[in-house]
Amino acid sequence: MVILNVSKLDQVDQFRRLQSTLRDRWKTIELFDNSEADIVVVPSLSIDQRELQKIEGCEHYEERLLFSLMRLRNPRTRLIYITSMPLHPSIIDYYLQLLPGIPFSHARNRLLLLSTYDSSLQPLSQKILERPRLLDRVRQALRLEKSFMICYNATDLEAELSLKLNVPLYAAAPDLQIWGTKSGSRQIFAESQVPHPDGSQRVWNAQELATAASDLWERQPTLKRMVVKLNEGISGEGNALLDLRPIMNVAPGQATSESRIAAINSSFSTMRFQAKQETWANFSGRITELGAIVEAFIEGEIKRSPSVQGRITPTGEVEILSTHDQILGGPDGQIYLGCRFPADESYRLQLQQLGLKVGRKLAEKGALERFGVDFITVDQGDKNWDIQAIEINLRKGGTTHPFMTLKLLTNGRYDLSTGLFYSQQGRPKYYIATDNLQKDRYRGLLPNDLMDIIAHHRLHFDSGTETGTVFHLMGCLSQFGKLGLTSIGDSPQQAEDIYNKVVNVLDEETRSDNQNFPLFSDYTNSL
């Protein structure tokens, strides 16, 4: 047992030493983005696979990092992209043809696509590690002194893969991923003095959860609802809403603590689960495996869910990349559907400041690369908003690929003083993005069918005007009728118009009377 522990420590030390070479290789943010480099993209969703299965079409989410192909705009960049199953050639062609000023053949020659040919339900990184010949092929293709690896999220699997390839991983180390859990987020918020809802530490069973909820209710006697969150849930699918109003007879001051705990425990089975077909029997079992927290539900008539996205460079600099207003759905508006950029001007600069606080605290812990912070804002009147942080994502998130798509397509810049993104021509850019444009009527559309529709109706992104739509998750379309897109305009209204045109065209092309996906105005009216 001691030998195993020493071996594990040696592996951690080796990983840290390898990762530290990133700091020596790139001294500034600008050089990191523009240097000659070989980039290994491993879009493995190395998270709890049972939670992942709550997302329809999740097996195609490896496509969400295909925005990385736009890094081939730098003629000195080479890229290796690995997937579980081969990607449709027209999807790859679509991304490469977006690159302004770069001949298609030149970009294609600098791209190596590899696949494990394994569609089983296990993380991609694990599949790669089980294939030594595939590992050898990756090694042979790399200039090790110029290479780094990026991923969706970092676990021991990605750390092992980094060591096997002898390529540093640009991501927060696996032992730091705790700061991206629900309980870890709360600790970071407390340490960085960022406002966040009252709640509990992590608990491991229903009885502990009921006790924590009772304690929270005693601290906040006016609470009407609470949110129960699995500690490692994703996209809001691991959340449930506990309504206290039916058990007000055991509210603080009305009954004993024991009665209150018993009543809360009995109410767990009637919670509103955000994931489809979730049950208390399954959810309670997940608590014993993942842990959970309970938090005060933030009430408010006018309430929004913005986020801030940042990154920590190998040299320890904290950079704010973007702010968004998230589009949420599900039974109680807790499931991520999409976003609009930028966040409302009345609070976007405050989000930046809070994001910097969180980023600096994460940097102190040793974190690297992408982080996102989700908030709830409630209108207090006179453009005054109460802002509460609710969780941190130490991984690529739903706002990562739309913003990086905009940045890599336009080579523009984000301005901290305004919270706006400007193209090289000095035009502010806006977008609406979703991972969840989904209708039964779209089922059966192949990637080539989508290309035909894009070309015929001129839905593509125009590099001259720097407006239009960029599509993703095209592999989801045929089986699940699900598609992702980012609609970019020179104003919020233009971005909305472009988005709505795509929806209307797809509806007309599929010619069905099935229920329509809402126009963006339907979302904004509900915010």
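**Exercise 1.** Is Glu-369 buried or exposed?

*Solution.* Start with the ground rules. This is a predicted model, where local features need pLDDT of at least 70, side-chain atom pairs count only at pLDDT 80 or more, and totals for chains, interfaces and linings use all residues. Residues are numbered from 1 along each chain as its sequence is written, and side-chain values use heavy atoms, leaving out hydrogens and water.

Now the residue: Glu-369 has a relative accessible area of 6%. Buried means under 20%, exposed over 50%, and partly exposed in between, with a 1.4 Å probe and protein chains only. Glu-369 is therefore buried.

**Exercise 2.** Look at the backbone of Glu-369 and of Leu-473, and find the sign of phi.

*Solution.* Recall that most residues other than glycine have a negative phi. Glu-369 has a positive phi of about 65°, and its place is in strand 13 (residues 369-381). Strands (E, at least two residues) and helices (H or I, at least four) are DSSP runs, numbered from the N terminus. For Leu-473, phi is also positive, near 55°. Leu-473 lies in the loop between strand 18 (468-472) and helix 16 (477-480), and is buried at 1% relative accessibility.

**Exercise 3.** Find the cis peptide bond at Pro-342 and place this proline.

*Solution.* Most peptide bonds are trans. Here, a cis bond joins Phe-341 and Pro-342, with omega about -5°. Pro-342 sits in the loop between strand 12 (335-341) and helix 13 (348-365).
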